[in-house]
Amino acid sequence: MGVDIRVENLNAWYGPVHTLHDVNLHIPANHATALIGPSGCGKSTFVRCLNRMHETNPAARAEGKVLMGELDIYKDATPVEIRRRVGMVFQRPNPFPTMSIYDNVASGLKLNGFRKKRVLDEVVERSLRQAALWDEVKDDLKKKSGASISGGQQQRLCIARALAVDPEVLLMDEPASALDPVSTAKIEDLIFKLKSQYTIVIVTHNMQQAARVAENTGFFLMGKLVEFAATTKIFTNPSDKRTEDYITGRFG
Amino acid sequence: MSALPVRSRYVASFVTLRRSVTNNLVTGVAIVSTALVLVPLVAILGYLLYKGASSLNLAFFTHVPVPVGDPGGGMANAIVGSAAILGLASLLGIPLGIGAGVYLAEYARGTWMGAAVRFTADVLNGVPSIVMGLAAYSLIVAKQQHFSGLAGGVALAIMMVPTVARTTEEMLATVPNPIREAALGLGIPKWRTVLSVSLRTASPGIITGCMLAFARVAGETAPLLFTAFGNQFWSFDLNQPIAALPLQIYVYALSPYDEWHRLAWAGALVLIVMIMASVTLVRIFANRGALKGGH
């Protein structure tokens, strides 16, 4: 089951550049939350702070408080522990090219030392079914490379891989922006189904997508969270002028 | 109004002509250069085959050298000795080189220390091979007071390290960062990510680098002159002087005896075939587990 995320006074820097300014936000559990905003507004940086991927860049640092349920992820845990509980799906599908489809899904468990074959088999099947990919790949699980299937299938494979470690939160950084409309629709269907079991945070440039999948939406601009509210409110009756300008296409 | 299109058509046809002439010229230069590189290579291989094959017989692979004047004899001990020295050199040099390459690519990117190690590796790569022999001589032979296969292996290993390290670094740099992030994002520790994801993704290129380093040192004579030293008899003890094909070829080719010249040709042929065979074997072995598709 998912947990809620409470962000308090989160600031982030890349070298001398201050990319996130005092973000305060409460992301409810088992819902999908969309983050929108123009390129470079800090929404990707924000989600990367939620699983501490931000700090894999040596020049980057973050300050503030992020509570995942009861857990203060910057104080009470290591990045590796956090990332096992927070799955991430990236903008471009990034399956491991040297691994089979099966090994891609099992990698989170296998590379952390888990070897029980029967359990792995179950997890791989369950995760691929959850990602709606099982029927398309079940005959080639160990024969084909994770990079040999189509882009849309690769992205669902990456979702299955993230689900296999049984996370509580799923972060998606523009998961459909490199995909065609049919594959995009499949990913959106998935988000819709998965959000009852996981807390989903999705960054998107596509406002219709945000409207379709997310209960809540946050609007970022120049490193600040301008507005956070129910998706219907953001798109029909935003309280901030800048949000209105953005969603009506006056800039960005 | 009407003058301009005519003029531009003229200019266009001139540009097209110039481009096609340049294109043909450059293609021609490339073809001639390739031929110039290939001709000596094919000539050497062909001449080696012609001279060496006629002297090859079973005895070459099963007998040790015989004294001058006695007919027959072979280089069995040198073949085994070369295999032993090269095995030792690979065992020492490849892990060390890969380790250094991983450090450079995954841990020391953009650091002062990384730049220093990279510079050292490049300088080491340009050091004449006889200097490597001298280094191993003063490090091991002078201390132990006797020549040994061990010293020869160490000399060749030192030669392998910079090549292996730099190719490993370059191959790891071609692994797209999103793939590393995918692994880190699953909560896989960095050391595991480097071993099971980065290195594995870069492995075809790294294997090529190792094979290049291996092939280069396999034919080296100078570093072995005062380390492995050579041996006319069977020796399996790496702590003693040991025979090696390049050394044996060197000694036989410089001798005044026709019989020894014949054997030197055969030895050179065997050395080249051995290098080609081991490189091919590693390739086949490395490709066996490959999956369909990929990139």
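Buried, in this tour, means under 20% relative accessible area. With that cut-off in mind, and remembering that the model is a predicted one, begin in chain A.

**Stop one: strand S3 of chain A**

Select residues 32-36 of chain A, which form strand S3; the strand is mostly covered, with 5 of its 5 residues buried. In a regular strand the side chains alternate between the two faces of the sheet. Colouring by face shows A:Ala32, A:Ala34 and A:Ile36 on one side, with A:Thr33 and A:Leu35 on the other, and both faces of S3(A) are covered.

Now add the neighbours of this strand. Residues 199-203 of chain A make up strand S8, which runs parallel to S3(A) and is joined to it by 4 bridges; within this pairing, A:Thr33 has A:Val201 as its bridge partner. Residues 216-221 of chain A make up strand S9, which also runs parallel to S3(A) and is likewise joined to it by 4 bridges, and here the bridge partner of A:Ala34 is A:Thr217.

**Stop two: the open antiparallel sheet**

Move next to the open sheet of 4 strands in chain A, where the order is S2-S1-S4-S5 and the pairing is antiparallel. Its edge strands are S2 (17-27) and S5 (71-72), each of which pairs on one side only. Strands of a sheet pair through backbone hydrogen bonds, either parallel or antiparallel. To follow one such pairing, select strand S1, residues 5-14 of chain A, which meets S2(A) in the antiparallel sense over 7 bridges; A:Tyr14 stands opposite A:Val17 of S2(A).

Show helix H1 of chain A, residues 43-50, together with these strands: the helix lies across S1, S2 and strand S4 (60-68) of chain A, and runs at about 115 degrees to S1(A).

Is A:Thr19, a residue to pick out next, buried or exposed? A:Thr19 lies in strand S2 of chain A, and because its relative accessible area is 17%, it is counted as buried. Setting aside residues up to four places away in sequence, A:Thr19 touches A:Ala12, A:Trp13, A:Tyr14, A:Gly42, A:Thr45 and A:Gly223.

**Stop three: charged pairs within chain A**

Over all chains, the count comes to 25 salt bridges, and a few of them are worth displaying one after another. Select A:Asp4 and A:Arg6, whose side chains meet in a salt bridge at 4.0 Å, N to O; A:Asp4 counts as partly exposed at 22% relative accessibility, and A:Arg6 counts as partly exposed at 38%.

Go on to A:Asp140 and A:Lys144, which form a salt bridge with their closest N and O atoms 3.7 Å apart. A:Lys144 has a relative accessibility of 29% and therefore counts as partly exposed.

Then select helix H10 of chain A, residues 241-247, in which A:Asp245 and A:Lys241 both lie, 4 residues apart, about one turn of the helix. An α-helix has 3.6 residues a turn, so residues three or four places apart point the same way. A:Asp245 and A:Lys241 form a salt bridge in which the closest N and O atoms are 2.9 Å apart. A:Asp245 counts as buried, at 14% relative accessibility, whereas A:Lys241 is exposed, with a relative accessible area of 53%.

**Stop four: where chain B meets chain A**

Bring chain B into view and select its contact with chain A, which takes 21 residues from chain B and 29 residues from chain A. The area buried between the two chains is about 2,200 Å², and carbon and sulfur atoms give 65% of it.

How many salt bridges does the rule find across the interface of chain B and chain A? It finds 1, and to display a salt bridge between these chains, select A:Arg48 and B:Glu181, whose side chains meet at 2.5 Å, N to O. Helices H7 (177-185) and H8 (190-218) of chain B each supply at least two residues of the side of chain B that touches chain A, and H7(B) gives the most to that side, with 7 residues.

Stay on H7(B), which is mostly covered, 7 of its 9 residues being buried; among them are B:Ile179, B:Arg180, B:Glu181 and B:Leu184. Following this helix is B:Gly187, whose phi is positive, near 80 degrees.

**Last stop: a network in chain B**

Finally, select B:Arg109, B:Arg118, B:Asp122, B:Arg166, B:Glu169 and B:Glu170, which are linked in a network of salt bridges.

Notes:
Residues numbered from 1 in each chain as written. Chains lettered and ligands numbered in written order. Predicted model: local features only at pLDDT ≥ 70, side-chain atom pairs only at ≥ 80, totals over all residues. Heavy atoms only, no water. Pairing = 2+ DSSP bridges. Contact = heavy atoms within 4.5 Å. Axes fitted to C-alpha atoms, helices over the stretch in contact; angles between N-to-C directions. Buried < 20%, exposed > 50% of the residue type's maximum accessible area, 1.4 Å probe, protein only. Buried area = accessible area lost by both parts, 1.4 Å probe.
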